[in-house]
Amino acid sequence: MNVKTVGVVGAGQMGGGIALVAALNKFNVIVCDKSVEQQHKCEADHKKRLAREVEKQRIPAADAEAASKRIRYVHVMDFIKDSDFVVEAAVENLQVKKDIFASLVKMVREDVILATNTSSISITEIAAATELVRKGSAARVIGMHFFNPVPVMKLVEVIKGLQTAEGTTATTLELAKLLGKTPIPANDRPGFVSNRVLMPLINEAFYAWMEGVAEPAHLDEIMKLGCNFPMGPLRLADFIGLDTCEHIMNVLADGLNNDRYRACPLLKQLVAAGRLGDKSGRGVFDYSQTK
Ligand code: 3HC
């Protein structure tokens, strides 16, 4: 595999995490976010994370400094052209992703793999946007689904689209291993495996809360202590983002054409109220005092 520089599109929680993991594993990284504010936030978060790793004696200070120097923060997509492999981690919106992929395919070399960190959007549909620009490009489009927090979670779900080439899959599996992750393949169906199974569980927790089966803190404690969840499902929903949870449920309901995947009314109501979880300071639980 000849990947030295990894391009990351989107410097949010996931993109930032992917960039940091790549730099810590000795790849050069170009991380691009059109928002300069987000770019600065990402850089500050990296500095904090690296300092924490040194403080905890998990890495020497020199390694943290070297990792930091390997990351370039940019806000214009053109800089991504120097990448040998690109991971897109922008917002979960099909049109936004199609536009990004159509731009990427014009700017990078023809052998560069274009991966998306989508949690539920069809890889085949994203890949189709590249075919319109350059025929044959869908072969190098693939899903590379990381988990939050990226530096901690071991899994990368690798999703082959309808037209993804075998070589693209092989290189992506190899890269994921070089990032210290365990890649596991899945097929391009709504929610893949992880969110097909996880989101209905989270959605069910909202129904249980809505129906008064237990109050949120108790519901979460039951799942933590009784089922060994590191976080209860409602706390996890806040961590993921309630809007993301609702979006994934919509993808499942539409894609699998089955009403049993419809988002719980209470989940929808919280999203409508702007209670999105950790990122807005309040979701199921209130974080206003902890941040
Ligand atoms: N970035 C980097 N490292 C982090 C981190 C972050 N955002 N958050 C926590 N960590 C690391 C730190 O190394 C920390 O150790 P340190 O304090 O000594 O530095 C270590 O994790 C433990 O963290 P905490 O002591 O703060 O808290 P916990 O022990 O409760 O662990 C957790 C936090 C790792 C987030 C744990 O609760 C957990 O595993 N939760 C479940 C997460 C999960 O299920 N993620 C998947 C979500 S689904 C998804 O992403 C798919 C998408 O498509 C929806």
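A residue counts as buried when its relative accessible area is under 20%, and the exercises below apply this cut-off to a predicted model.

**Exercise 1.** Determine which residues of helix H9 are buried, and which helices they pack against.

*Solution.* Begin with the residues themselves: in H9, Pro 233, Leu 234, Leu 236, Ala 237, Asp 238 and Phe 239 are buried. Next, set this against the length of the helix: six of the eight residues of H9 are buried, so H9 is largely enclosed by the rest of the structure. Then look for the neighbours, which are helix H1 (13–24), H7, helix H8 (216–227) and helix H10 (242–255), since the buried residues of H9 pack against these. Finally, follow the chain just past the end of H9, where Gly 241 takes a positive phi of about 110 degrees.

**Exercise 2.** Describe how helix H7 packs against helix H9, giving the angle, the distance between the axes and the class of the residues in contact.

*Solution.* Two packed helices are described by the angle between their axes and by the distance between those axes. For H7 (residues 194–210) and H9 (residues 233–240), the angle is about 115 degrees and the axes lie 9 Å apart. The crossing of these two helices is left-handed. On the H7 side the contact includes Leu 198, Ile 202 and Trp 209, while on the H9 side Leu 234 and Ile 240 are among the residues taking part. Sorting the contact of H7 with H9 by class gives 12 nonpolar residues, with no polar and no charged ones.

**Exercise 3.** Explain why Cys 264 forms no disulfide, and describe the surroundings of Cys 227.

*Solution.* A disulfide requires two cysteine sulfur atoms within 2.5 Å. The sulfur of Cys 264 is 12 Å from the closest cysteine sulfur, in Cys 245, and is therefore too far away for a bond. Cys 227 is likewise in no disulfide, the nearest cysteine sulfur, that of Cys 245, being 18 Å away. A search of the whole structure finds zero disulfides. As for accessibility, Cys 264 is buried, with a relative accessible area of 0%, whereas Cys 227 is partly exposed, at 43%.

**Exercise 4.** Work out which strands stand at the edges of the open sheet of eight strands.

*Solution.* Write down the order of the strands, S3-S2-S1-S4-S5-S6-S7-S8, whose pairing is mixed. Strand S3 (71–74) and strand S8 (182–187) each have a single partner strand, so one side of each is left without a neighbour in the sheet, and these two stand at the edges. From one strand to the next, the twist averages 25 degrees.

Key
Residues are numbered from 1 along each chain as its sequence is written. This is a predicted model: local features need pLDDT of at least 70, side-chain atom pairs count only at pLDDT 80 or more; totals for chains, interfaces and linings use all residues. Side-chain values use heavy atoms; hydrogens and water are left out. Axes are lines fitted to C-alpha atoms, for helices over the stretch in contact, and angles run from 0 to 180 degrees between N-to-C directions. Helices (H or I, at least four residues) and strands (E, at least two) are DSSP runs, numbered from the N terminus. A crossing is left-handed if the near helix is turned anticlockwise from the far one by less than a right angle, and right-handed if clockwise. Contact means heavy atoms within 4.5 Å. Ala, Val, Leu, Ile, Met, Phe, Trp, Tyr, Cys and Pro count as nonpolar, Asp, Glu, Lys and Arg as charged, and the others, Gly among them, as polar. Buried means under 20% relative accessible area, exposed over 50%, partly exposed in between (1.4 Å probe, protein chains only). Two strands pair if DSSP finds at least two bridges between them.
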